[in-house]
Amino acid sequence: MEKNREHRKKIIKMTMIVILALLFIVSLIWFTSTFKQLYRTGNLEVDYSITGHPTRLHRPITISDIRVWMTFDYLNVIFKLDHLYLKNTLAITNSKYPNISIEAYARRNRINPQVLLHNIKQAIINYPNNK
Amino acid sequence: MDFLVQAIIPYILLYKYWALFIATFLASFALPIPAGTLLIASAAFASQGYFNIAIIFIVVLIANIAGDNSSYWFARLYGRRFLSRISFIQKILVLKDFILIEKGISRHPGFIIFISRFEVISTLTINLICGLGKASYKKFLFFEVLGSLANVIFYILIGYSFGDNWQAVNKLIGNFSILFFIIIALGISLFWKKILTKLKREIKN
């Protein structure tokens, strides 16, 4: 009886170890395949000019990278926009501009954030220096 | 990008180093905030010229060390009194296994303190256990500073190196670390009895 229980315990333990090892191998394969995929799509290009500041990025930020959590001030700096360009183009009256995120501004003014995001992207595309 | 990060990042863009300091401090002190992701993002913003990388390094390092030390001393001075008010934690605190682990970590805190700095939940847990177990403060401080330094350099290098691609890299690291910790947790539970027996033997000696 006791021997049987010990034997069963050993089998359970061995099964667990095999499952763990398999899980580890699967996660490693998954990690490398995701890494490869990201690398192929150009999402994992390292900027080697680490010592210089500001650095030159291999894949510069584009309009499609704009997200609702970004602030207007951040967009102005990153896309080198005139401080008042977005304010005037989008007729922003909020006193917190440019220190407000796109999402917060949309919420306060009851605008659909995705519509605002689209308008911002259009405004940046139409910025004189981008033409 | 997960919800919590998406909620915090606008504040980092708005209040810059102050927000980063507060978020990192809280992550080291008591709240499971994804400080690593925030650091990767901030370093990426620095690579774009929006932040200064040297200031980020100093601010985050100080916040990490301050948060960890506050957490350690809070646990050491008030931990038992405070936690024993919560009934289920009180039950854990008096468990034989918990006391054994507490003693084991207090005797050899080095590696575990160092490695735990790379994951927010493990940082909080180890700070708490070291404080409750009254681990040597000198040892805690030394390995905590060493771990924080390695952790900050690691995340800053990732964020600064990958720049605009930080979200893709962060997703990759995030997903992999979840799997990694599941494997570690399963491994520990599998060898739980062996670990405890080894600890018992070490403490007896």
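Trainee: At roughly what angle do the axes of helix 1 of chain A and helix 9 of chain B cross?
Mentor: Keep in mind that we're looking at a predicted model. The two axes come within 10 Å of each other. Helix 1 of chain A is roughly antiparallel to helix 9 (residues 166-190) of chain B, because angles over 145 degrees count that way, and the crossing here is roughly 170°.

Trainee: How do the residues of that contact divide by class?
Mentor: Helix 1 of chain A brings residues including L20(A), F24(A) and F31(A), while helix 9 of chain B brings L172(B), F176(B) and I183(B), among them. K13(A) takes part too. The split is 15 nonpolar, 3 polar and 1 charged.

Trainee: Which element gives the most to the side of chain A that touches chain B?
Mentor: Chain A puts 34 residues into the contact and chain B puts in 25. On chain A's side, the elements giving two or more residues are helix 1 (2-40) and helix 2 (72-78). With 11 residues, the top giver is helix 1 of chain A.

Trainee: Is D82(A) buried, exposed or partly exposed?
Mentor: You'll find D82(A) in the loop between helix 2 and helix 3 of chain A. Buried needs 20 or more other C-beta atoms within 10 Å, and exposed needs 12 or fewer. D82(A) has 13, so the verdict is partly exposed.

Trainee: How far apart are the end C-alpha atoms of helix 8 of chain B?
Mentor: This helix has 26 residues, 137-162, and G163(B) follows it with a positive phi. At 1.5 Å a residue it should span 38 Å, which agrees with the model's value of 37 Å.

How values were computed
Residues are numbered from 1 along each chain as its sequence is written. Chains are lettered from A and ligands numbered from 1 in the order in which they are written. This is a predicted model: local features need pLDDT of at least 70, side-chain atom pairs count only at pLDDT 80 or more; totals for chains, interfaces and linings use all residues. Helices (H or I, at least four residues) and strands (E, at least two) are DSSP runs, numbered from the N terminus. The expected span of a helix is 1.5 Å times one less than its number of residues. Two residues are in contact if their C-beta atoms, placed from the backbone, lie within 7 Å. Axes are lines fitted to C-alpha atoms, for helices over the stretch in contact, and angles run from 0 to 180 degrees between N-to-C directions. Angles under 35 degrees count as roughly parallel, over 145 as roughly antiparallel, 65 to 115 as roughly perpendicular and the rest as oblique. Ala, Val, Leu, Ile, Met, Phe, Trp, Tyr, Cys and Pro count as nonpolar, Asp, Glu, Lys and Arg as charged, and the others, Gly among them, as polar.
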